[in-house]
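Colleague: I would like to learn how to read a model of this kind, feature by feature, with the general idea before the particular case. Could we work through one together?

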Amino acid sequence: YLACLQKYNATYIAALESLLISELPFKEKIQKVFEGTAKKVSATDDYEGCFFFNSSVDSGIHDAAISTLTAAIQLRLEKAFCTAADQARESKQLPIESDSVQIAQYLMMITTGLRAMVKGNASVAEIDHIIHSALKFLPF
């Protein structure tokens, strides 16, 4: 698990960071993150799931190395969301008085919730509702 989680960190988290610092509009970036979190495998119509989340839930409580790495990934994701929020404030896509840290924490909470819903095999309608609601409550 640890080696796979390290590769996940190097590959998928780096790709997520690239998306979040891209020139796309902030709302579009966040929507892509949310939708990617709840992506289905087309051949089976099952959710793809999240190796990071599943590792932290299934193995992290029993393995200190996995727990340490999942905590580092969590911080890395929150920092990437914070950077994206800072960019959005600078480009006036978010109000200047918006708190980037609070927005990043909100986005982390939503993505974690989506990952839990995917693990529990929630319906597409439920997940779509959460994504829509989460985007609606951002200060655009």
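Modeller: We will go from the overall fold to helix packing, then to the core, and finally to single residues. Please keep in mind throughout that this is a predicted model.

Colleague: Let us begin with the overall picture, then: how many helices and how many strands does the secondary structure of the protein come to?

Modeller: There are six helices and zero strands, so the order of elements from the N terminus is written α-α-α-α-α-α. Of the 140 residues, 36% count as buried. Among contacts between residues at least 6 apart in sequence, 70% join residues at least 24 apart.

Colleague: Which quantities describe two packed helices?

Modeller: Two packed helices are described by the angle between their axes and by the distance between those axes. Here, helix H1 (residues 2–20) and helix H4 (residues 64–90) pack at an angle of about 5 degrees, with their axes 10 Å apart, and the two helices are therefore roughly parallel to each other. On the H1 side the contact includes Leu 2, Leu 5, Ile 13 and Leu 16, while H4 contributes residues among them Ile 66, Leu 69, Ile 73, Leu 77 and Phe 81. Sorted by class, this contact of H1 with H4 has 14 nonpolar, four polar and two charged residues.

Colleague: And how are H1 and H2 oriented, roughly parallel or roughly antiparallel?

Modeller: H1 and H2 pack at an angle of about 155 degrees, and their axes are 9 Å apart; since an angle over 145 degrees counts as roughly antiparallel, that is the description that applies to H1 and H2. In this contact, Leu 16, Leu 19 and Leu 20 of H1 meet Lys 29, Ile 30, Lys 32 and Val 33 of H2. By class, the contact of H1 with H2 has five nonpolar, no polar and two charged residues.

Colleague: One of the residues you listed is Val 33; why does Val 33 count as buried?

Modeller: Buried means under 20% relative accessible area, and Val 33, which lies in helix H2, counts as buried because its relative accessibility is 6%. Leaving aside neighbours within four places in sequence, Val 33 is in contact with Leu 16, Leu 19, Leu 20, Phe 81 and Thr 111. Of these partners, take Leu 16: the C-alpha atoms of Val 33 and Leu 16 are 7.6 Å apart in space, although the two residues are 17 residues apart in sequence.

Colleague: How should I think about a nonpolar core, and which residues touch the most other members of the largest one here?

Modeller: In soluble globular proteins, nonpolar side chains tend to be buried together. In this model the largest nonpolar core has 35 residues, and those that touch the most other members are Leu 20, Phe 26, Ile 30, Phe 34, Phe 81, Leu 107 and Ile 127. The elements that give two or more residues to this core are H1, H2, H4, H5 and H6, and H4 gives the most, with ten residues.

Colleague: Helix H6 is on that list; what span should its 13 residues have?

Modeller: At 1.5 Å a residue, and counting one less than the number of residues, H6 (residues 124–136) should span 18 Å, and its end C-alpha atoms are 18 Å apart, which agrees. Ile 127, Ile 131, Ser 133, Ala 134 and Leu 135 are buried in H6, and the buried residues of this helix pack against helix H2 (26–37) and helix H5 (100–119). Ile 127 touches Ala 38, Tyr 47, Leu 114, Met 117, Val 118 and Ala 122, not counting residues up to four places away in sequence. Leu 135 counts as buried at 6% relative accessibility, and its contacts, leaving aside neighbours within four places, are Lys 27, Ile 30, Gln 31, Phe 34 and Phe 140. The C-alpha atoms of Leu 135 and Phe 34 are separated by 9.4 Å, with the two residues 101 residues apart along the chain.

Colleague: Turning to backbone angles in the loops, what is phi of Lys 92?

Modeller: Phi of Lys 92 is near 65 degrees, a positive value in a residue other than glycine. Lys 92 is placed in the loop between H4 and H5, and with a relative accessible area of 73% this residue is exposed. Asn 121, in the loop between H5 and H6, likewise has a positive phi, near 60 degrees, and is exposed with a relative accessible area of 54%.

Notes. Residues are numbered from 1 along each chain as its sequence is written. This is a predicted model: local features need pLDDT of at least 70, side-chain atom pairs count only at pLDDT 80 or more; totals for chains, interfaces and linings use all residues. Side-chain values use heavy atoms; hydrogens and water are left out. Helices (H or I, at least four residues) and strands (E, at least two) are DSSP runs, numbered from the N terminus. Buried means under 20% relative accessible area, exposed over 50%, partly exposed in between (1.4 Å probe, protein chains only). Contact means heavy atoms within 4.5 Å. Axes are lines fitted to C-alpha atoms, for helices over the stretch in contact, and angles run from 0 to 180 degrees between N-to-C directions. Angles under 35 degrees count as roughly parallel, over 145 as roughly antiparallel, 65 to 115 as roughly perpendicular and the rest as oblique. Ala, Val, Leu, Ile, Met, Phe, Trp, Tyr, Cys and Pro count as nonpolar, Asp, Glu, Lys and Arg as charged, and the others, Gly among them, as polar. A nonpolar core is a set of buried Ala, Val, Leu, Ile, Met, Phe, Trp, Tyr and Cys residues joined through side-chain atoms within 4.5 Å.
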